[in-house]
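Here are a few exercises to work through with the viewer open. Try each task yourself before you read its solution.

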Amino acid sequence: MNKSVLYRGLLIAAVVGLFLWSALPLDEKLNLGLDLRGGMHLVLQVQTEDAVVSELDRAIEVITAQAAEEGLTGLEVRRGEDRSVRVTGVADDAEPILNRIGVDFLGEGAWEWTVGGGGAVFEMTPAFVEETRRMAVRQALTTIQNRVDEFGVAEPTIAQLGNTDRIVIQLPGVDDPERIRELIKNTAFLEFRLSEYPRGGGGVASREEVLSNFGGQLPDDVEILEGDLTSTGGRVIGTQYYAVEKRSVMTGRDLKNARASTGQFNEPVVQFSFNAEAGNRFGEITGANVGRGLAIVLDDRVVSAPTIEDEIRHDGIIRGGFTPQEATDLALVLRSGALPAGLTYLEERTVGPSLGRDSVQQGMRAGLIGFGLVLLIMLLVYKGAGINAILALAINVVLIFGALAYFDAALTLPGIAGIVLTIGMAVDANVLIFERIKEELRAGRTARSAIDAGFSKALSSILDGNITTLIAALFLFQFGTGPIRGFAVTLSIGILASLFSAIFVSRWIFDLLLSRKARVERISI
């Protein structure tokens with residue numbers, strides 16, 4: 001045996017051993033997709049108009065705040081029709097100030113405005129509206145991804161459906177669909193607002209009591225919010241009402257971290273901490289309002305309203321009569337950020353594990369039958385050389401499963417179809433080589449030269465066919481979702497494995513046989 005054959009044999013043994021180590025035990029190393037393992041399939045629609053309204057509200061806050069800094073009073077700033085903000089009560093000498101606010105704080109590319117006649121109209125440009133909608137979908141996609149990753153679902157598929165406002169989510173192995181549904185959809189917009197009544201924290205029993213404190217008419221900058229009244233054991237026993245400022249002093253965007261913990265009475269709470277800049281700002285606000293109530297508002301509902309007893313800077317606690325699971329989920333959602341817009345469920349399917357087991361069994365049965373028929377045909381048609389193809393094919397299958405396990409990819413039902421297709425493609429490469437060798441033998445070449453010519457002349461056809469298929473598989477992976485990507489993954493891995501096994505391994509087997517004799521007169525093919 002010459003050194004070239006020896007070294008190539010050692011390389012093949014090392015590669016096969018490495019991939020076997022990666023794949024075994026198969027039931028522990030291989031992830032099964034939604035259709036094989038069971039789980040949830042969701043299609044959500046992002047309410048992108050919510051994001052547009054949020055931009056309008058932000059513009060109202062900017063205009064109001066900047067006008068106050070410029071000393072403009074008596075302005076009425078409200079949301080108009082057709083995605084606009086309308087300002088009334090503008091004096092003639094104040095019109096340049098509103099123009100400057102538009103340029104410096106809203107942006108000429110995003111907003112268009114007209115000022116005059118004692119008022120102003122600020123309108124979002126169509127391009128900015130479209131960009132706001134696109135960003136809402138992207139932000140929702142990122143937020144959902146973060147929440148699912150925190151929850152610990154293995155191999156989730158979360159993708160935008162084309163260029164639409166829809167998001168496809170596939171979660172294999174989920175055994176608590178209701179919890180996942182709430183976790184994904186929960187907007188979790190956290191705000192800290194100063195309480196106007198009762199000013200010392202807590203709530204009152206009725207909305208009428210709040211209104212009577214203000215003489216029946218709420219100030220423009222105050223609104224009434226509801227919250228649960230809970231017993232000492234954390235059970236909801238009623239509703240409380242709070243009068244709080246509309247303006248948020250802090251939001252969940254300023255949080256650095258949040259985690260579930262226990263309070264001084266061993267009740268579940270959520271501990272949070274601010275980043276450095278927000279902590280300093282919060283310290284100034286709480287220090288200036290000692291004795292007042294601080295309403296902690298989650299999705300427009302008060303979860304607690306403690307009294308500010310001292311300056312609070314970087315850390316705090318949210319109490320709301322949570323169960324341990326609710327505290328854990330709230331902390332998870334706060335860490336991943338608030339959704340930029342509401343979500344609507346368009347489709348929901350739950351795949352049971354029994355259906356997945358049936359799919360695995362049927363897929364494996366189909367693969368084994370196909371594999372067996374291929375082996376039989378190769379032996380009947382190519383005799384001894386067929387054994388060469390069978391060995392290369394077995395190595396090909398080992399490489400596929402080893403690569404799937406190494407890259408932690410999920411095997412789906414279409415993925416099994418991709419493996420079966422790869423088996424056919426791998427044999428196709430052997431067929432091209434073997435037929436070429438037979439032609440060379442019929443032309444009178446020796447066994448060694450016929451093998452050399454067979455591999456060299458068939459190589460271009462094999463590469464052309466496999467590379468074009470690989471390009472198609474890469475496009476399927478890039479633009480497909482869910483099962484389509486699963487098919488593309490196994491097909492891509494299978495193509496690369498088949499090139500290695502058909503060209504490198506098969507040639508090594510022939511060279512190994514030829515190296516055992518000085519001259520080989522004939523081969524079984």
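A salt bridge here is a side-chain nitrogen of Lys or Arg within 4 Å of a carboxyl oxygen of Asp or Glu. Keep in mind that the model is predicted.

**Exercise 1.** Find the residues that are linked with Arg8 in a network of salt bridges.

*Solution.* Start at Arg8 and follow the charged side chains. The network of salt bridges links Arg8 with Asp452, Arg507 and Asp511. For the wider setting, the structure holds 17 salt bridges.

**Exercise 2.** Take the salt bridge between Asp228 and Arg301, and work out which parts of the chain the pair ties together.

*Solution.* Begin with the contact: the side chains of Asp228 and Arg301 meet at 2.7 Å, N to O. Next, place each partner. Asp228 belongs to strand β10 (residues 222–230) and Arg301 to strand β16 (residues 301–304), so the salt bridge joins parts 73 residues apart in sequence. Finally, check exposure: Asp228 is partly exposed at 35% relative accessibility, and Arg301 is partly exposed at 29%.

**Exercise 3.** Decide whether Glu191 and Arg193, which form a salt bridge, are buried or exposed.

*Solution.* First, the contact: the closest N and O atoms of Glu191 and Arg193 are 3.1 Å apart. Then recall the cut-off, since buried means under 20% relative accessible area. Glu191 has 6% relative accessibility and therefore counts as buried. Arg193, with a relative accessible area of 3%, is buried too.

**Exercise 4.** Examine the hairpin of β13 and β14, and find the residue with a positive phi.

*Solution.* Look at the strands to begin with: β13 (residues 255–262) and β14 (residues 268–274) pair in the antiparallel sense over seven bridges. As a landmark, Ala258 stands opposite Phe272 in β14. Now move to the five residues between the strands, where Asn266 takes a positive phi near 65°. That deserves a second look because most residues other than glycine have a negative phi.

**Exercise 5.** Locate the cis peptide bond that leads into Pro198.

*Solution.* Go to the loop between β9 (190–197) and α8 (207–213), where Pro198 is found. Step back to Tyr197 and read omega for the bond from Tyr197 to Pro198: the value is near -10°, and the bond is cis.

**Exercise 6.** Identify the residues that make a nonpolar surface patch of about 590 Å².

*Solution.* Start from Ile369 in helix α11 (residues 353–406). At 51% relative accessibility, Ile369 counts as exposed. Then add the other members of the patch: Leu373, Leu376, Ile377, Leu380 and Val381.

Note on methods:
Residues are numbered from 1 along each chain as its sequence is written. This is a predicted model: local features need pLDDT of at least 70, side-chain atom pairs count only at pLDDT 80 or more; totals for chains, interfaces and linings use all residues. Side-chain values use heavy atoms; hydrogens and water are left out. Helices (H or I, at least four residues) and strands (E, at least two) are DSSP runs, numbered from the N terminus. Two strands pair if DSSP finds at least two bridges between them. Patches are made of residues with over 30% relative accessible area and no salt bridge: like charges are joined within 9 Å, nonpolar side chains (Val, Leu, Ile, Met, Phe, Trp, Tyr) within 5 Å. Accessible areas come from the Shrake-Rupley method with a 1.4 Å probe; for residues, only the protein chains shown count as cover. Buried means under 20% relative accessible area, exposed over 50%, partly exposed in between (1.4 Å probe, protein chains only).
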